[in-house]
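I opened a new structure today and wanted to get my bearings. My plan was to look at the cysteines, then at one helix that caught my eye.

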Amino acid sequence: MNAELRAYRDDTAARPGDVERLRRTIGRPKRAIAPIVAGVALAAAAILAVAWPRAAAIQPGELAEGPSALIPGVDVDLVGAAAWAPTRAGAHLTLRSGEIAVGVAPGKGLDVAVQTPEAVVRVVGTAFTVRRSLDGTVVDVRHGRVSVACVAGDTSLLGAGETTTCPTASPGLWLGRARALLEKHAPTAEVLDAVRSGLAVATPGSALAAELRLVGVQAQVADDPRAALDELGQYLATGGQHRRAEAVHQGALLAFGLGGCAQAQAWLAAVAPEAPGEAAALGCR
Amino acid sequence: MRAWGARVLGWCRRLGGPGVDPHDAAQDAFTTLLRRFDDLDPNRDPGPFVYAVVRGVVANHRRKQWWRRWFPTDREFAGVGDPLGDASRRATARRVEALLGELSDEQREVVVLCWVEERSADEVGKLVGLPTGTVKSRLRLARERLRERAAAHGLEEDWPEVGP
């Protein structure tokens, strides 16, 4: 043990350089701890003040589903797909699908906008939900006031508890909505509204426009078969080629049902002379 | 100053343990000594007076070491020599230091002064201001504690005998 104690004694013995250093420091003002503590505290506070909001905020770009704090005062809850970017006074969100609930702290001058293909919803201090559906973009305001500018041209100011829908600007979505309404046996007028809205934004003569018209025909067959036959005849007479054979067949059946062979043959001769076999298939000579 | 510098630094290092900056404590000790220079009796041995000041300063530094651990300190003294030998010696010294850390302040004090600095119990009694018997009884208690704990620190158990 003596050797171990000697090792300790030698290791803890002061060298001449240590004594000289001590001699130089005696009488000098000591390093004060209080200013160091204050400096460290100030530096920590400054780092927190600068870094905390950034650390809490998520990176701009694609938003993950679920709740997120974008910047201090702006909280969102996403079910779907969306992206965001910070702006000078707030945040700009782009909702592609699904639903996003947005909470903006009032009184902080935060400017938050949610953009969809159909609308731009802009808010200063409120909470609201933006949802994309077959109808278009649906905005529900929980509290505060929200400005909704539909791409179609309407701008409205909504208060707490109010809802508005910006209709979809995509003919494909209108077609989907019309088909969905047809499948769930919605009133014919609703289906035809969707068809007309789709036709208003679809390229004339396109397959989408033709499909919309055929869905409109299907919607009318039960309620107003004569109108459906007229619509089909108009489609075929104006050179509609999309699903033409099927349209001719359906029209021939419809005309036969309304007026027998005479009407079927007359209708075929007027709108589809290229298909004489259709009448024969119905047993008409 | 030259006569007492190394001794005061050594006391600060050994009594303070690893949590105390010996340079810092020694600087405080000499500042206090200079301030109280007039209290020193030129006809008496200055040892007990210097030691009492150092012991008080080290005790203060140990109380503050929780705070001071956040600041850089210079606990090591500059050694010169064989690097490998130094490393081995330093490792042993660290183990001894850890073992001494298991003693009470009173026991550590007499162990450092008697066994590390190789003073007699009588000398230590005069330095610390204690009867020689008290120094020896503290050494005996310290020895028992050290023997119990030495193996846990990888050290031998053959501590010096305490004289009659």
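I started with the disulfides and counted 2 over all chains. I keep in mind that this is a predicted model.

The pair I looked up to begin with was Cys150(A) and Cys166(A), whose sulfur atoms sit 2.0 Å apart. I got -75° about the S-S bond, a left-handed link. Cys150(A) belongs to strand E9 and Cys166(A) to strand E11, so the bond ties together parts 16 residues apart in sequence. I then checked burial: Cys150(A) is buried at 11% relative accessibility, and Cys166(A) is buried at 0%.

Next I went to Cys261(A) and Cys284(A), joined with an S to S distance of 1.9 Å. The torsion here is about -80°, so this disulfide is left-handed. Cys261(A) is in helix H8 and Cys284(A) is in the segment after H9, 23 residues apart. Cys261(A) came out as partly exposed, at 27%, whereas Cys284(A) is buried at 4%. Counting bonded cysteines along chain A, I noted the pattern 1-2, 3-4.

Cys261(A) led me to H8 of chain A. What does H8(A), residues 244-271, span between its end C-alpha atoms? I found only 11 Å, where a straight helix of 28 residues would span 40 Å. I also found a kink of about 135° in H8(A), centred on Gly260(A).

Last, I listed buried residues of H8(A), among them Arg244(A), Leu254(A), Trp267(A) and Val271(A). The cover over the buried residues of H8(A) includes helices H6, H7 and H9 of chain A.

Conventions: Residues numbered from 1 in each chain as written. Chains lettered and ligands numbered in written order. Predicted model: local features only at pLDDT ≥ 70, side-chain atom pairs only at ≥ 80, totals over all residues. Heavy atoms only, no water. Helix = DSSP H or I, 4+ residues; strand = E, 2+ residues; numbered from the N terminus. Expected span 1.5 Å × (residues − 1). Bend = angle between axes of the 7 residues up to and from the residue. Buried < 20%, exposed > 50% of the residue type's maximum accessible area, 1.4 Å probe, protein only. Contact = heavy atoms within 4.5 Å. Disulfide = S-S within 2.5 Å.
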